[in-house]
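Thank you all for coming; I would like to spend a few minutes walking through one model with you, going from a single side chain out to the way some of the helices pack. Please have the sequence and the structure open while I talk.

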Amino acid sequence: MSEHELIRERIRRLLERTTARGCTEAEATAAAEKAAELMRRYQLTDADVAFDSVRVKNRSAGASVRDRLWSIVAYSTNTSSIFIQGYREHHVEFHGRDAYVEIAAYLKDLLDRAIDREIRTFKQSTFYRRRRSLTTKRQAVADFTDALVTRLAARVFEAFATVRDPEERLAAEKRRDLMCTDQVAVERRPITERYSEARWAGYHAGNNVPINRGVSGDDPKLIGGSK
């Protein structure tokens, strides 16, 4: 966590020290004064404090088939995403307001595990088992996964139709660009379609995943879900 993020986290914790949370009036006042002092010293606004980022482990640095789904997750939850390439592990990082980045991270984890589960199920199918070589088995999985991701992307987009806010997304993108100044474009590997049966199975598997919008006490638009 950078120094800037540590300061913002300290300010948020200070602002959480209210009488409603059990603090005395003197303690709440002192915390608010300290938060204001830090915001003046580091030239932070209320919007700066309200924004956050969450980093989630990822299989690649943005080039895999499923990685395009995380961009849809970001778009639908009013956040912006960026892939972080590491030496031993990679991450996808969501930027946006607190409630939104929590939902984005939750949804990314849910969908990632669901894709793994559906791929394992597909590998038990007769169609997959009939592929004789490792190359054809990999191609079948690639076709299945591509169609699965396409279906999930459409369902996420639909489930969050009432949540999407262009102004929030624009603010999140500006915040991401401010925090991440050394961005480069990611070139994704193209998919060569071969097995229509695998693609059909992947599309239908996308209907098996429950997609919930999560719950936030601060934003009633995030309550509820879709299946």
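Let me begin with tyrosine 75, which is partly exposed, its relative accessible area being 35%, and let me say at once that we are looking at a predicted model. Tyrosine 75 belongs to helix H4, and if we set aside its neighbours within four places in sequence, the residues in contact with tyrosine 75 are Phe157, Arg164 and Arg169. For one of these, arginine 164, the separation from tyrosine 75 is 89 residues in sequence, while in space the two are 7.5 Å apart, C-alpha to C-alpha.

Moving on along the chain, we come to asparagine 78, in the loop between H4 and strand E2, which covers 80–84. Is asparagine 78 buried or exposed? Its relative accessibility is 1%, so asparagine 78 counts as buried. The backbone there also deserves a remark: most residues other than glycine have a negative phi, whereas phi of asparagine 78 is positive, with a value near 60°.

Now back to H4, residues 67–76, and its packing with H5. Two packed helices are described by the angle between their axes and the distance between the axes. For H4 and H5 the angle is about 150° and the axes are 10 Å apart; since an angle over 145 degrees counts as roughly antiparallel, that is therefore how H4 and H5 run with respect to each other. The crossing in which H4 passes H5 is right-handed. On the H4 side the contact is made by Leu69, Trp70 and Val73, and these meet Ala104, Leu107, Lys108, Leu111, Asp112 and Ile115 in H5. By class, the residues of this contact comprise seven nonpolar and two charged, with no polar ones.

H5 comes up again when we turn to helix H9, which spans residues 196–205 and in which Ala198, Arg199, Gly202 and Ala205 are buried. Looking down the axis of H9, we find these buried residues within an arc of 125°, so they line one face of the helix. What do the buried residues of H9 pack against? Their partners are helix H5, at 98–122, together with helix H6, at 126–129, and helix H7, at 134–159. On the other side of H9, by contrast, Ser196 and Trp200 are exposed.

That is where I will stop, and I am glad to go back to any of these places in the model.

Key. Residues are numbered from 1 along each chain as its sequence is written. This is a predicted model: local features need pLDDT of at least 70, side-chain atom pairs count only at pLDDT 80 or more; totals for chains, interfaces and linings use all residues. Side-chain values use heavy atoms; hydrogens and water are left out. Buried means under 20% relative accessible area, exposed over 50%, partly exposed in between (1.4 Å probe, protein chains only). Helices (H or I, at least four residues) and strands (E, at least two) are DSSP runs, numbered from the N terminus. The arc is that of the directions from the helix axis to the C-beta atoms. Contact means heavy atoms within 4.5 Å. Axes are lines fitted to C-alpha atoms, for helices over the stretch in contact, and angles run from 0 to 180 degrees between N-to-C directions. Angles under 35 degrees count as roughly parallel, over 145 as roughly antiparallel, 65 to 115 as roughly perpendicular and the rest as oblique. A crossing is left-handed if the near helix is turned anticlockwise from the far one by less than a right angle, and right-handed if clockwise. Ala, Val, Leu, Ile, Met, Phe, Trp, Tyr, Cys and Pro count as nonpolar, Asp, Glu, Lys and Arg as charged, and the others, Gly among them, as polar.
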